[in-house]
Amino acid sequence: MTVGEDAANSAAYYTGADADLLTTEALFKAEKEILMGIAEEESCVIAGRSAFFILNAHPNHLSVLIQAPIEYRIERLMKKQKISWKDAMKTINKVDKMREEYVKNYANTSRYDSRNYDLVINMDGKTEEQVANLILSYID
């Protein structure tokens, strides 16, 4: 099972009569409960969601930080979403700031602090398959 980062972004864009009911604190508590439940039931891969913090004490936990230079990230987002360089840069800056504030608020650390991870990988010059193989090699 894979749980992705896009779900957190959806809360930022939620509108409607129930918007006040969906607070960031409530979202964090719900995500924490869900992630811990999933990790107890089965093997899973969780992308983001502050899982490095939430599952830190889990016995089969492995935290991996995958980084990439800003140029790589911009090009990837431009291709994926078919947007301009300027829009990609704006989106990356906005999402990075939002995620960093979220982690600092609820995990009391920086998502960029390599001490929070068992393995840190730089994507530059690597394919997604190569990175997946690096992670699998680390596990073996």
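Here are some notes on a predicted model of a protein chain, with a focus on two of its helices and the charged pairs around them.

1. **The overall layout.** Let's start with the whole chain. The protein chain contains 6 helices and 4 strands. If you follow the sequence from its start, the elements come in the order β-α-α-β-α-β-α-α-β-α. Of the 140 residues in the chain, 29% are buried. Now take the contacts between residues at least 6 apart in sequence: 55% of these join residues at least 24 apart.

2. **How two helices cross.** Two packed helices are described by the angle between their axes and the distance between the axes. Here, helix α4 covers residues 70-81 and helix α5 covers residues 85-107. Their axes lie 9 Å apart and make an angle of about 115°. That angle makes α4 roughly perpendicular to α5, because angles from 65 to 115 degrees count as roughly perpendicular. The crossing of α4 and α5 is also right-handed.

3. **Who meets whom.** It is worth finding these side chains in the structure above. From α4, the residues in the contact are Ile70, Arg73, Ile74, Leu77 and Met78. They meet Trp85, Ala88, Met89, Thr91, Ile92 and Asp96 in α5. Sorted by class, the contact of α4 with α5 has 8 nonpolar, 1 polar and 2 charged residues.

4. **A closer look at isoleucine 74.** This residue sits in helix α4. Is isoleucine 74 buried or exposed? Its relative accessible area is 3%, so isoleucine 74 is buried, given that buried means under 20%. Setting aside its neighbours within four places in sequence, isoleucine 74 is in contact with Trp85, Ala88, Met89 and Ile92. You can also compare sequence with space: isoleucine 74 and lysine 86 are 12 residues apart along the chain, and their C-alpha atoms are 8.9 Å apart.

5. **A salt bridge between the helices.** Side chains of opposite charge can pair when their charged atoms come close. Aspartate 96 and arginine 73 form a salt bridge, with 2.7 Å between the closest N and O atoms. Aspartate 96 belongs to helix α5 and arginine 73 to helix α4, so this pair ties together parts that are 23 residues apart in sequence. Aspartate 96 is buried, at 13% relative accessible area, whereas arginine 73 is partly exposed, at 26%.

6. **A second partner for aspartate 96.** Aspartate 96 forms a salt bridge with arginine 111 too, and here the closest N and O atoms are 3.0 Å apart. Arginine 111 lies in the loop between α5 and β4 (119-122), so its pairing with aspartate 96 in helix α5 ties together parts that are 15 residues apart in sequence. With a relative accessibility of 15%, arginine 111 counts as buried.

7. **A pair within one helix, and a network.** Lysine 104 and glutamate 100 form another salt bridge, their closest N and O atoms being 3.7 Å apart. What separates lysine 104 and glutamate 100 in helix α5? They are 4 residues apart in that helix, which means a separation of about one helical turn. Lysine 104 is partly exposed, with a relative accessible area of 47%, while glutamate 100 is buried at 11%. As for shared partners, salt bridges join Arg73, Asp96 and Arg111 into one network. The count for the model comes to 7 salt bridges.

Methods
Residues are numbered from 1 along each chain as its sequence is written. This is a predicted model: local features need pLDDT of at least 70, side-chain atom pairs count only at pLDDT 80 or more; totals for chains, interfaces and linings use all residues. Side-chain values use heavy atoms; hydrogens and water are left out. Axes are lines fitted to C-alpha atoms, for helices over the stretch in contact, and angles run from 0 to 180 degrees between N-to-C directions. Helices (H or I, at least four residues) and strands (E, at least two) are DSSP runs, numbered from the N terminus. Angles under 35 degrees count as roughly parallel, over 145 as roughly antiparallel, 65 to 115 as roughly perpendicular and the rest as oblique. A crossing is left-handed if the near helix is turned anticlockwise from the far one by less than a right angle, and right-handed if clockwise. Contact means heavy atoms within 4.5 Å. Ala, Val, Leu, Ile, Met, Phe, Trp, Tyr, Cys and Pro count as nonpolar, Asp, Glu, Lys and Arg as charged, and the others, Gly among them, as polar. A salt bridge is a side-chain nitrogen of Lys or Arg within 4 Å of a carboxyl oxygen of Asp or Glu. Buried means under 20% relative accessible area, exposed over 50%, partly exposed in between (1.4 Å probe, protein chains only).
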